[in-house]
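Open your viewer and get ready to click along. We will take a short walk, one selection at a time.

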Amino acid sequence: MQRAVASLPMRERGNHEPLNTLEQQRRHFLAAFRAVRGETERRAALLSPEDQVVQSMADASPTKWHRAHTTWFFEQFLLRPHAPDYRRLDERFAFLFNSYYVAAGPRYERPKRGLITRPTVEEVAAYRAHVDRAVEDLIETADQSELQKLLTLVEIGLHHEQQHQELILTDILHAFSHNPTHPAYDPDWQMPPYVGKSGFLELSSGIHQIGHAQDSFCFDNERPLHRVLVQPVKVARALVSNAEWLEFINDGGYANPMLWLSDGWNAVQQEGWTAPGYWEQIDGSWQVLTLGGLRPVEPQAPVCHVSYYEADAFARWAGKHLPTEQEWEVAARSGGLAGAFGIVWQWTRSAYAPYPGFRAAEGALGEYNGKFMVNQMVLRGSSLATPADHARVSYRNFFYPPARWQFTGLRLSDYPE
Ligand SMILES: [Fe+2]
């Protein structure tokens, strides 16, 4: 989705002039707010109202819900506590569009979001406009003594919204996968360019530092910067390709229980997996549903829509393993990886857990990441659906091991000879 990504003036020190004064920050975040909110609408604009209401499974949400929920986030965490004159457009929206913030009050059941036909798509657009005006007004008029605190909330709201921009695409693709007419989200969509590199990057074993070090934005789960011990290991420069995955399929990879974790083999049996998500064999050739509709599986393109279980089984079949998230970050910081960002998220064999010294953010926003730190696996990098300026080398994404509706792939690791 490379061409879908708006250039957004987020605060990345090193790329831009430092934001010296509060007034510069005020202008910067006003522009960033408009850019991010506009990008959500741009992504949704390719979808009909019917597209925007459907929910294809409990893990995926309707586009309309994403548009409303990201709006509620600003209302709940910025406007209600900090804009005394703010009046809600509809008080019932808080119940409908709170996702999982227990501290923010009761909420509608996640698996039934597709049943909420009212407010309509048009009414959600009006809700967005109502909140946009209030947030812009708050940024423009806030007293300097309050501004820093408010802009911190604006900033997390924007990064939150960018996460949902990715989900708009992954969730609608999942919905379209149920439609035998194979709808295209964007008929002109192209896979972003990717050129693989051969061989492995050997890491220097010993103590390395990982985590977010700068004072620029990051989520709480990326802190603190800390030391890790890297054992002798080498990380593949390339992502695993469709051609390699086809070898795995043709070698009976999906039929050989010896290659699979026990839970993974159960998933293969229950789900009937014989290929990555959205793959279909038509007249003997493999096709895949993409954002551009049904396309032939390109042998040289990185494999996508594989679960952790599949990534793990593939690695075992290849006589290798997945890198830990620490190894991935050390390798990525060295600059030696092809496709580290912007193609597919890469599964690691690290369980999603707090870093040593982790502290969740205070208040309701402390629920953002910390409470999910069990039973999920970490993915690193970013995908073709991630807004480009949302990606960071320290970014930790996380999903349950069977999930494969995200743009997920892998790169391998091996032990040095
Ligand atoms: Fe959210």
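Begin by selecting Asp 283, and keep in mind as you look that this is a predicted model. Asp 283 sits in the hairpin of strand 5 and strand 6, where 2 residues lie between the strands. Its backbone takes a positive phi near 50 degrees.

Next, colour the two strands on either side of that turn. Strand 5 covers 279-282, and strand 6 covers residues 285-290. The two pair in the antiparallel sense, over 4 bridges. You can follow the pairing residue by residue: select Trp 279 and look across to Val 288 in strand 6, which stands opposite. Then select Glu 280, whose opposite number in strand 6 is Gln 287.

Stay on Gln 287 and look to its other partner. Which residue of strand 7 is the bridge partner of Gln 287? It is Pro 296. To see how the chain gets there, trace the hairpin that joins strand 6 to strand 7 through 2 residues. Here too the pairing is antiparallel, with 4 bridges between strand 6 and strand 7.

Now show the three strands together. They form an open sheet with the order 5-6-7 and antiparallel pairing. Strand 5 and strand 7 (293-296) stand at the edges with a single partner strand each, so one side of each has no neighbour in the sheet. Turn the view and you can follow the twist, which averages 35 degrees from one strand to the next.

Before leaving, switch on the surface around strand 6. Why can we call strand 6 largely enclosed by the rest of the structure? Because 5 of its 6 residues are buried, where buried means under 20% relative accessible area.

For the last stop, select His 226, which belongs to strand 3 (residues 226-230). Is His 226 buried or exposed? Its relative accessibility is 9%, so His 226 counts as buried. Show its side chain and you will find that it reaches the backbone oxygen of Pro 224 at 2.9 Å. Then display the residues that His 226 touches, leaving out those up to four places away in sequence: His 208, Gln 209, Ile 210, Tyr 355 and Pro 356.

Notes:
Residues are numbered from 1 along each chain as its sequence is written. This is a predicted model: local features need pLDDT of at least 70, side-chain atom pairs count only at pLDDT 80 or more; totals for chains, interfaces and linings use all residues. Side-chain values use heavy atoms; hydrogens and water are left out. Two strands pair if DSSP finds at least two bridges between them. Axes are lines fitted to C-alpha atoms, for helices over the stretch in contact, and angles run from 0 to 180 degrees between N-to-C directions. Buried means under 20% relative accessible area, exposed over 50%, partly exposed in between (1.4 Å probe, protein chains only). A polar contact is a pair of N or O atoms within 3.5 Å; within protein, one must be able to donate a hydrogen and the other to accept it, and residues adjacent in sequence count only if both atoms are side-chain atoms. Contact means heavy atoms within 4.5 Å.
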